[in-house]
Amino acid sequence: MTATADQIAALAEELAGILGPRGVTTELRGREKASVDGAKMSPILAEQLPLGLADLVAFPADAEQIAQTVAAAVRHGVSVTPRGKGTGNYGQAIPMQGGLVLDMSKARAIVEVGEGYLTAEAGTPMITIEQAARDAGQQVLMYPSTAQSSIGGFLSGGSGGTGSIKHGSNMSGDYVLALDVVYADGEPGLVHVEGEEAQPYVHTYGTAGIIARATIALEPLQEWVGFYASFPAFDDATSVIRQIGWLEPTPRLVSADLPTIANALPADTAIPKDRASLRAILDPATIEAATALVEGAGGRVEEVREGPQATVKISMISYNHPIEWLQKSSDQTYFHVEVSGAALVERLDEVHQAYPGAMLHIEAQRDHPIGMLAAPYVSPEEVYAGFDRLTAIDVGYHSPHQWFVDWNVERTRDLAATTDPSGLLNPGKLPEPGTESTAGKKA
Ligand SMILES: Cc1cc2nc3c(=O)[nH]c(=O)nc-3n(C[C@H](O)[C@H](O)[C@H](O)COP(=O)(O)OP(=O)(O)OC[C@H]3O[C@@H](n4cnc5c(N)ncnc54)[C@H](O)[C@@H]3O)c2cc1C
């Protein structure tokens with residue numbers, strides 16, 4: 001339910017008292033900035049924008065202020081949509097019913113780094129966390145290609161990235177060790193949950209509780225190199241992508257693109273024009289084996305680069321980024337679908353036939369590869385019709401064209417019934433029982 005002007009004004013006044021006058025804004029520009037995310041990557045969602053506008057935006061500086069801010073909003077009956085960096089690409093961070101956007105960007109302190117763990121405030125960028133871990137001789141298990149995105153946003157809306165070949169997704173149960181969560185149940189303060197008890201808050205878009213502080217697992221630091229190869233054709237790259245992903249020690253990332261997508265990436269001498277590109281973050285001990293695989297498939301190694309900057313650069317052109325670059329570089333409107341399965345390498349032609357003009361961006365994983373299948377956009381119906389064609393060739397898919405929680409929905413609904421009885425947390429994102437969604441089979 002949308003809040004009245006009186007409720008908003010009373011909350012703004014109280015928040016100015018808690019956070020200081022600069023800790024809250026009701027100015028239109030600030031509200032508009034806080035009401036968009038990466039949803040425009042989907043032409044289906046882009047046609048529906050704007051999907052909501054915040055009435056006010058708060059900038060708490062730490063976990064305690066996050067808890068105080070949520071408690072104030074609950075007292076005034078105003079909904080709360082948490083926001084990290086706003087890079088989520090399905091509209092999950094859009095305040096569908098207005099109300100308060102809880103911008104976490106000022107809550108960005110590393111609280112503690114210990115042996116095998118790191119604790120940070122919700123708004124801390126993942127790249128800052130990786131750096132802090134490295135300074136302590138450790139590394140995060142995984143970080144998303146949106147390396148500037150926040151830990152709270154990555155845990156709540158993201159799933160994987162650099163490190164996922166070995167560690168899977170951030171929902172695996174090993175990634176999150178503990179959380180300090182804030183409920184909208186009228187009981188102010190932080191609730192500390194650990195281990196199994198922390199997992200139900202992951203990937204729920206803040207609908208069952210807001211993550212104010214997170215403790216994630218670390219592992220011993222490894223040396224990594226950025227490995228660039230190119231091939232005459234994409235088939236050559238996909239013929240070895242799995243084998244490269246299976247090398248030991250396990251690579252942190254292995255991505256490959258068709259020449260058309262590679263041409264759209266930022267100019268780089270290691271990504272030659274009109275050739276398929278394969279980029280990997282490798283343990284130096286595997287360079288020789290990776291080189292043999294590349295050359296055996298008719299490719300050539302373009303460059304091997306050392307240092308953390310080189311590997312982060314490769315991360316930042318992985319996962320959804322090549323599709324975003326393709327979209328930016330062309331007058332053509334492209335949509336994409338997240339896909340998975342052995343068919344991506346074993347029956348690439350059939351995968352490409354799912355949509356006219358389709359092009360696959362692919363990521364190696366331990367079990368089966370995943371990817372983003374991009375194609376020229378015609379209509380929502382054409383996009384959805386392709387889901388059946390993908391299923392028919394045993395390709396798993398996930399639609400990036402809807403903003404609902406689509407993982408463990410019932411568990412989240414049950415939890416939210418207690419932690420958010422009035423439905424104030426990120427309203428519109430937790431589907432009602434029986435609601436149709438186009439999410440489909442999880443990729
Ligand atoms: C080009 C591109 C590439 C991407 N690549 C990847 C990738 O490699 N891997 C991946 O997993 N994702 C990827 N994404 C999706 C997205 O960037 C990530 O999920 C990112 O980690 C989200 O973090 P954020 O800080 O931007 O969160 P936001 O977009 O601000 O929020 C994401 C969701 O979490 C909620 N939320 C934010 N903070 C909190 C909190 N503290 N407590 C509770 N809920 C909260 C928001 O309400 C929203 O529902 C990509 C997106 C784009 C556009």
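**Exercises on a predicted model**

Leaving aside neighbours within four places in sequence, V409 touches L430 and P431. The model used throughout is predicted.

**Exercise 1. Place V409**

Task: State which helix holds V409, and how far V409 is from T204 in sequence and in space.

Solution.
- Step 1. Find the element. V409 belongs to helix α16, residues 409-419.
- Step 2. Take the sequence distance. V409 and T204 are separated by 205 residues.
- Step 3. Take the spatial distance. From C-alpha to C-alpha, V409 and T204 are 8.3 Å apart.
- Step 4. Add the contacts. L430 and P431 are the partners of V409 once neighbours within four places are set aside.

**Exercise 2. Describe the α1 and α4 pair**

Task: Work out how helices α1 and α4 are oriented to each other, and which residues meet.

Solution.
- Step 1. Read the geometry. Helix α1 covers residues 5-19 and helix α4 covers residues 63-75; their axes come within 10 Å and cross at roughly 160 degrees.
- Step 2. Apply the cut-off. Angles over 145 degrees count as roughly antiparallel.
- Step 3. Conclude. α1 and α4 are therefore roughly antiparallel to each other.
- Step 4. Give the hand. The α1 and α4 crossing is right-handed.
- Step 5. List the contact. From α1 come L11, E14, L15, I18 and L19; from α4 come Q65, Q68, T69, A72, A73 and R75.
- Step 6. Sort by type. The residues of this contact comprise 6 nonpolar, 3 polar and 2 charged.

**Exercise 3. Survey the ligand surroundings**

Task: Name the residues that come nearest to the ligand, then give the distances for P82, S145 and T146.

Solution.
- Step 1. Start with the set. There are 35 residues around the ligand, and P82, T87, S145, S159 and G160 come nearest.
- Step 2. Take P82. One of its backbone N or O atoms is 2.6 Å from a ligand oxygen atom.
- Step 3. Take S145. An N or O atom in its side chain lies 2.7 Å from a nitrogen atom of the ligand.
- Step 4. Take T146. An N or O atom in its side chain is 2.9 Å from an oxygen atom of the ligand.

**Exercise 4. Check the backbone**

Task: Locate the cis peptide bonds before P50 and P249, and the positive phi of Y205.

Solution.
- Step 1. L49 to P50 is cis, with omega near -5 degrees. P50 sits in the loop between α3 (43-46) and β2 (56-58).
- Step 2. E248 to P249 is also cis, with omega about -5 degrees. P249 sits in the loop between α8 (234-245) and β12 (253-257).
- Step 3. Y205, a residue other than glycine, has a positive phi near 60 degrees. Its loop runs between β9 (191-194) and β10 (210-220).

Terms used. Residues numbered from 1 in each chain as written. Predicted model: local features only at pLDDT ≥ 70, side-chain atom pairs only at ≥ 80, totals over all residues. Heavy atoms only, no water. Axes fitted to C-alpha atoms, helices over the stretch in contact; angles between N-to-C directions. Helix = DSSP H or I, 4+ residues; strand = E, 2+ residues; numbered from the N terminus. Parallel < 35°, antiparallel > 145°, perpendicular 65-115°, else oblique. Left-handed = near helix turned anticlockwise from the far one by under 90°. Contact = heavy atoms within 4.5 Å. Nonpolar A, V, L, I, M, F, W, Y, C, P; charged D, E, K, R; others polar. Near = heavy atom within 4 Å. Polar contact = N/O pair within 3.5 Å; in protein donor to acceptor, adjacent residues only side chain to side chain.
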